[in-house]
Amino acid sequence: MTRRSHRRRGMVRSYTATGGRAIPSRATLDEATLLKADPKLPMAGLNAQSHRVMDLCRAGVLSVAEVAAHLQMPGAVTKVIVSALVDSGHLVAVAPFVPAAQKHDREFLKKVLRGLQSI
Amino acid sequence: MDSKASDRYVPAAARSVKILVLGPFAVGKTTYVRSVSEIRPMRTEERMTRAGELIDDLGDLREKTTTTVAMDFGRLTLAGDIVLYLFGAPGQPRFRGMVRSLMEGALGGLVLADTRRLDQSFEAIDLLEDARLPYTVAINTFDGAPAYGDAELRDALTLDPGTPLVLLDARDRASSVQGLVTLVSHILARPDLEPV
């Protein structure tokens, strides 16, 4: 396995290994990572940008890219703000699915395929 | 977006997957994303500074400053709470760094090609092969563009026999979705996905 693919797999693995909870690092926050807000955590003390992100995410689940587009913020800025909100527990991040050599993953991909075929 | 809240959000239990749509300028990436997406395609601004990740490619260093680029993406909710995100990545070589970082966490890539300038899709194919991501090449059938047979196209694109090649019309939803069906079937056929 080459160095590059090793790194790629390593990033995803360490991320999913935490049960979908994001490691506090911008590098692991994907554009397609889904964000789920914890409604129990108070918003007091959050800065204005974080407030805007939480207002958007408390109403439903969205990806990092969608948060950036809705709030018209650059992707990199969005990732910094979202990373901090994941660290503080305001948001739970679920990384996009990447297949590994596991039967469970194969079943998931079959669901993706069936979903596309039924369109 | 001015859509209803129920249209804006994805299901609470959703799991996402990411697929990239790659290819040269004006090959139909934005059209493709628009055809497939259930939401009006959105755009984010990405800054192209990933210095350090790309030290293996010194040719890129000049470009790694503060350039920004707009990236189109769309969304498709499938049965079983699966949400597929499509990212149309810019094809110009100077955006290589951004495309590489976009490949992290992607299921695979769909490379769009135009028969009038097939060579311009090599860049995308090379990036996907470097990243060892599965991909499918889709000829976007432009009106008036020359039509070639499968063997000729494969030869011109120097495609591996195992790499799927399809024809589609990026303006047409069913035709475009077929490209994704081919790609996901190809991913499922990979030997490293067999149960261990």
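Start with the contacts inside chain A of this predicted model. Among its contacts with a separation of 6 or more, 65% link residues 24 or more positions apart. Select the whole of chain A and colour by secondary structure: you should find 5 helices and 3 strands. Following the sequence, they come in the pattern α-β-α-β-α-α-β-α. Chain A has 119 residues, and 39% of them count as buried.

**Stop 1: the strands of chain A**

Select strand E1, residues 34–37 of chain A. Which strands does E1(A) pair with? One partner is E2(A), joined to E1(A) by 2 bridges and running antiparallel to it. To see this pairing, pick A:Leu34 and look across to A:Ser63 in E2(A), its bridge partner. Another partner is strand E3, residues 91–94, which pairs with E1(A) over 4 bridges, also in the antiparallel sense. Here, pick A:Ala37 and find its bridge partner A:Leu91 in E3(A). While you have the side chains switched on, keep a general rule in mind: in a regular strand they alternate between the two faces of the sheet.

**Stop 2: two packed helices**

Next, show helix H2 (residues 48–58) of chain A together with H4(A). Two packed helices are described by the angle between their axes and the distance between the axes. For H2(A) and H4(A), the angle is about 75° and the axes are 10 Å apart. That angle falls within 65 to 115 degrees, so H2(A) counts as roughly perpendicular to H4(A). Now display the residues that meet: from H2(A), choose A:Gln49, A:Ser50, A:Val53 and A:Met54. From H4(A), choose A:Ile81, A:Val82, A:Ala84 and A:Leu85. This contact has 6 nonpolar and 2 polar residues, with no charged ones.

**Stop 3: where the chains touch**

Bring chain B into view. How many residues of each chain are in contact with the other? There are 41 in chain A and 43 in chain B. On the chain A side, H1 (3–16), E2 (62–63), H3 (64–70), H4 (75–87) and H5 (103–117) each supply at least two residues. Highlight H5(A), which gives the most, with 10 residues. Colour this side of chain A by class, and you will get 24 nonpolar, 8 polar and 9 charged residues.

**Stop 4: a helix in chain B**

Finish with helix H3 of chain B, residues 96–103. Is H3(B) mostly covered or mostly uncovered? Mostly covered: 7 of its 8 residues are buried. Among the buried ones are B:Met98, B:Val99 and B:Leu102, and also B:Arg96 and B:Arg100. After H3(B), click on B:Gly105, which has a positive phi, near 80°.

Key. Residues numbered from 1 in each chain as written. Chains lettered and ligands numbered in written order. Predicted model: local features only at pLDDT ≥ 70, side-chain atom pairs only at ≥ 80, totals over all residues. Contact = placed C-beta atoms within 7 Å. Nonpolar A, V, L, I, M, F, W, Y, C, P; charged D, E, K, R; others polar. Buried ≥ 20, exposed ≤ 12 C-beta atoms within 10 Å, placed from the backbone. Axes fitted to C-alpha atoms, helices over the stretch in contact; angles between N-to-C directions. Parallel < 35°, antiparallel > 145°, perpendicular 65-115°, else oblique. Pairing = 2+ DSSP bridges.
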